[in-house]
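Let's take a walk through this protein and see how its parts fit together. Have the sequence and the 3D view open as you read.

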Amino acid sequence: MSSTTNKTKTPLKLEELTWQEFGELVPKKIDTVIFPVGTVEAHGVTPLGTDNMIPQRISDMIAPDLKAMVAPILPYGITKTLLAYPGSLTVTSPTFESFITETLNSLAEKGFKKIVIMNGHGGQIDELRRAAQNVHQSRKVKIVVIHWWLLCSDVSKEVLGQAGGHAGIDETACILAIDKNLVKKQKYKRSLAYTMKDGVNAVPAPGTILLYKEGEGYPEFDENKAQLYLTRAAEKVKLVVKEIFQKWEQID
Ligand SMILES: [Zn+2]
């Protein structure tokens with residue numbers, strides 16, 4: 001199995017450097033940073049931190065090839081419809097947006113010219129988009145926000161044979177690939193899942209597994225496919241970010 005990006009190269013992590021090391025690297029040698037963000041939220045039979053673990057791992061996998069540093073994750077986000085479930089945590093939308101905006105400003109201030117926000121959670125897409133737009137306008141830093149599961153929906157169909165879902169086959173595969181002990185397969189039953197329907201907004205969500213397409217996306221526990229899915233998903237994210245970086249060179 002190909003695992004070109006999975007754990008082959010060690011990512012450079014901001015929080016592991018000394019200030020002297022950082023000063024020698026940024027911006028002279030490294031001008032790109034990946035900033036993972038997620039939330040703490042109920043997820044079927046995968047951990048409450050699923051939306052943190054996946055963007056963290058994808059960031060670590062792609063950073064070396066993008067010549068990027070990985071910034072510490074923001075693990076608290078905006079949890080909405082699943083907040084009623086045990087262990088789900090949230091912050092408010094203005095707090096989250098301010099935190100993101102100020103962190104982006106601070107990363108730009110320290111010399112990064114390109115920022116990749118690696119988002120793991122669907123409840124904060126608008127806030128991330130606004131923060132990226134505002135910081136780009138005020139500081140001229142280039143920012144791309146990646147919502148990995150949306151970008152990789154075709155990878156889900158290709159490798160797993162079906163559409164995914166919140167805590168569905170795609171996210172479950174990622175956690176299985178990251179650490180199979182974190183997936184509580186014996187607790188899984190199909191009744192945990194609810195297929196989302198256009199024209200329906202239920203609060204709280206009627207399940208902790210929320211599927212995008214009727215009859216598809218139910219978690220499976222094939223470790224080989226899981227590894228392949230995470231590898232391919234990270235590869236796709238990397239290629240998309242690389243293309244954007246190349247296009248940005250036109251305006252450097
Ligand atoms: Zn999730």
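## The zinc site and the sheet

Start with the metal: the residues that donate to the zinc ion follow the spacing H-x7-D-x119-E along the sequence. Asp51 sits in helix α2, while Glu171 belongs to helix α7 (residues 169-178), so this pair ties together parts that are 120 residues apart in sequence. Keep in mind that you're looking at a predicted model.

Which protein atoms hold the zinc ion? They are His43 (NE2), Asp51 (OD) and Glu171, which is listed with two OE entries, and they lie 1.8 to 2.6 Å from the ion. Don't expect a neat geometry here: the four donor atoms subtend angles of 55 to 141°, which makes the arrangement irregular. Are Asp51 and Glu171 buried or exposed? Both are buried.

Now for the sheet. Strands of a sheet pair through backbone hydrogen bonds, either parallel or antiparallel. In this model, five strands make an open sheet in the order β1-β3-β2-β4-β5, and the pairing is parallel. The edges are β1 (12-13) and β5 (142-147), each pairing on one side only. Look at β4 (residues 114-119): six bridges join it to β5. One residue to find there is Ile115, whose bridge partner in β5 is Ile143.

Two helices lie across strands of this sheet:

| Helix | Lies across | Angle |
|---|---|---|
| α2 (residues 50-62) | β1, β2 (32-37), β3 (68-70) and β4 | about 165° to β2 |
| α4 (residues 125-139) | β2, β4 and β5 | about 170° to β5 |

So helix α2 links both topics: it lies across strands of the sheet, and it carries the zinc donor Asp51.

Terms used:
Residues numbered from 1 in each chain as written. Predicted model: local features only at pLDDT ≥ 70, side-chain atom pairs only at ≥ 80, totals over all residues. Heavy atoms only, no water. Pairing = 2+ DSSP bridges. Helix = DSSP H or I, 4+ residues; strand = E, 2+ residues; numbered from the N terminus. Contact = heavy atoms within 4.5 Å. Axes fitted to C-alpha atoms, helices over the stretch in contact; angles between N-to-C directions. Donors = N, O, S within 2.8 Å, 3.2 Å for Na, K, Ca; no water. Tetrahedral: all angles 85-135°; square planar, octahedral: opposite > 155°, others 65-115°. Buried < 20%, exposed > 50% of the residue type's maximum accessible area, 1.4 Å probe, protein only.
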